[in-house]
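Colleague: Hey, could you walk me through this one? I'm new to reading sheets, so go slowly.

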Amino acid sequence: MTAVVDQKTPVYYNYIGGNWVESSSHERIESFNPATGELVSYSQKSNLHDVRETIDSVHQNYVTSDWSVNPKRRYEALTGLAQKMTEKMDELSRILTLEQGKTIRESRVEISSCIDTLKYFAGAARTVFGRSIQLEPNNLGVIVKEPIGVVGIISPWNWPALLMVRELAPALAAGNGVIVKPASLTPSISVEIFKLIDEVPEFPKGIASIITGPGSSIGAAMAMSEKIDMISFTGDTSTGRAIMEMGAKTIKKIALELGGKSPNVVFADANLDKAIPIIGKSIFISAGQICMAGSRVLIHESIKDEVIARLKEYAEGLRVENGILESADMGPLSSKSQLEIVEKYCEIGKEEGRIITGGYRLTGGDYDKGYFFSPTIIDGLPADSRVVKEEIFGPVLAVQTFSSDEEALKIANDSDFGLSAGVWTSDLNRAVKMSRGIKAGTVWINTYNKNFPEAEFGGYKQSGLGRTRGIDGLMEYCETKHVHIETD
Ligand code: NAD
């Protein structure tokens, strides 16, 4: 943290009431490129005064503008933002990679997904349907969907653009006012997107604000505020739990998208030529820093040696380097603390299991400037090992083995989490049985990591509360009102 700013590095401000504002703390957050250690940007280290000002501003603009009752305006605003993001695709992707570390190819996918999400919810803004029902003679019930009011969106650093837009788009489409608090590791991309919101005249000034700063103070203040009607949180399960507790004080609506420990279940009849690269990608994409990472692979005992050998070959073939290079398959971990967490789990893995490949920090040459880690596979772990049970959020794949369908299902569900799963088989009956038996918000059959704005996503068990994306994702941001009409 510093108040001294060099002239070359971009400085990002809070966006409050349609104005770019410095924090009253006059303190700044520095963010660094995790591949090179270079300073990327300064953003505001906001304080409680700034949070109160932002909440009041969004509240005021929500009440005074026609946003909540003008779906066509919302459609035009979100379409306008999608257009602006399309025009800035290359620049946004670059900024995302420089600050987060992910590969430039992945950044392009992330920004494209933002655009697709905005387009989908732009259309959905004009389809916030209620129902009507005849209740008695001369008594008509009209069930209306209304915006909730002011929504606080607290987002993480791993997919900082998409995970903000994934909530921002439906919250705005439903007609709410919005305050975003991005993660302090990755504020730049979020504020860049707000710069584009500022350029779209259909957004009423101040209906959407962004404020940067520490989660433990300003995120918590949002969760406890009486003037925020809903918190949409994406992040760690323990933070989600704390937010539920803080939100309980004002009985506000809470939507949670949390962690995972997702299994890929590989049966003996699976098409391994298709499965291996997708299973490999499912854990090594974003250097494993993705909620739906396929961080466990469950292999039928009859094909275990072959699957492990082929996954090892895949992992060792990945080019781990600065994500800005077009050739990079995997970038660095996003921070020193994330690197240390991953190293700690690999130490446990070495003691309790057998390292198939990786398990160490990459060093030498340019690697020394960043937080690069080897793609890692660990076998032979006990079922209760922390490497098998806990979300590592790094490129570490735990191998488990089964001998029957029943055992596969039992192991797949032996987790506190329930975000997603992959099932690999050519037997349709088995695929259907497994998909219904696995307790997870998304089950992919013979594929993985395929997400669409129109298909719901979210967690069973401790992976979350509520759904994002799709019609359910839009309805998360709506209240339901019964208007009862009695005629003479
Ligand atoms: P995190 O919980 O540390 O932080 C998320 C956000 O919460 C940040 O903006 C942070 O500043 C803020 N925050 C931290 N403490 C807070 C507090 N006490 N009160 C209010 N806000 C607070 O999570 P992270 O490390 O940024 O993200 C990684 C986690 O996110 C992983 O567990 C991952 O699985 C999860 N995740 C889930 C999804 C999903 O869709 N289910 C998607 C991406 C990431």
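Modeller: Sure, one term before we look: two strands pair if DSSP finds at least two bridges between them. Strands themselves are DSSP runs (E, at least two residues), numbered from the N terminus. This is a predicted model, where local features need pLDDT of at least 70, side-chain atom pairs count only at pLDDT 80 or more, and totals for chains, interfaces and linings use all residues. Residues are numbered from 1 along each chain as its sequence is written, and side-chain values use heavy atoms, with hydrogens and water left out.

Colleague: OK, so which residue in S15 does Ile 355 stand opposite?

Modeller: Ile 378. Strand S14 is joined to strand S15 (residues 376–379) by 3 bridges, and the two run antiparallel.

Colleague: And what sheet are S14 and S15 in?

Modeller: An open one of 7 strands, in the order S14-S15-S16-S13-S12-S18-S19, with mixed pairing. Strand S14 (354–357) and strand S19 (442–445) are at the edges; each has a single partner strand, so one side of each has no neighbour in the sheet. From one strand to the next, the twist averages 25° (axes are lines fitted to C-alpha atoms, and angles run from 0 to 180 degrees between N-to-C directions).

Colleague: What holds paired strands together, in general?

Modeller: Backbone hydrogen bonds, and the strands can be parallel or antiparallel.

Colleague: Cool. What's the strand order in the sheet with S22?

Modeller: S5-S6-S22, an open sheet of 3 strands with antiparallel pairing. Its edge strands are S5 (131–136) and S22 (478–486), each pairing on one side only. Strand S6 (residues 139–147) and S22 are joined by 9 bridges. One to look up: Asn 139 has Glu 486 as its bridge partner in S22.

Colleague: Is Leu 140, over in S6, buried or partly exposed?

Modeller: Partly exposed, because its relative accessible area is 31%. Buried means under 20%, exposed over 50%, and partly exposed in between (1.4 Å probe, protein chains only).

Colleague: What does Leu 140 make with Val 483 and Ile 485?

Modeller: A nonpolar surface patch of about 200 Å². Patches take residues with over 30% relative accessible area and no salt bridge, joining like charges within 9 Å and nonpolar side chains (Val, Leu, Ile, Met, Phe, Trp, Tyr) within 5 Å. A salt bridge is a side-chain nitrogen of Lys or Arg within 4 Å of a carboxyl oxygen of Asp or Glu. Areas come from the Shrake-Rupley method with a 1.4 Å probe.

Colleague: New topic: how many disulfides?

Modeller: 0, counting pairs of cysteine sulfur atoms within 2.5 Å. For Cys 291, the nearest cysteine sulfur belongs to Cys 114, 14 Å away. Cys 291 is buried at 16% relative accessible area, and Cys 478 is buried too, at 6%.

Key. Helix = DSSP H or I, 4+ residues; strand = E, 2+ residues; numbered from the N terminus.
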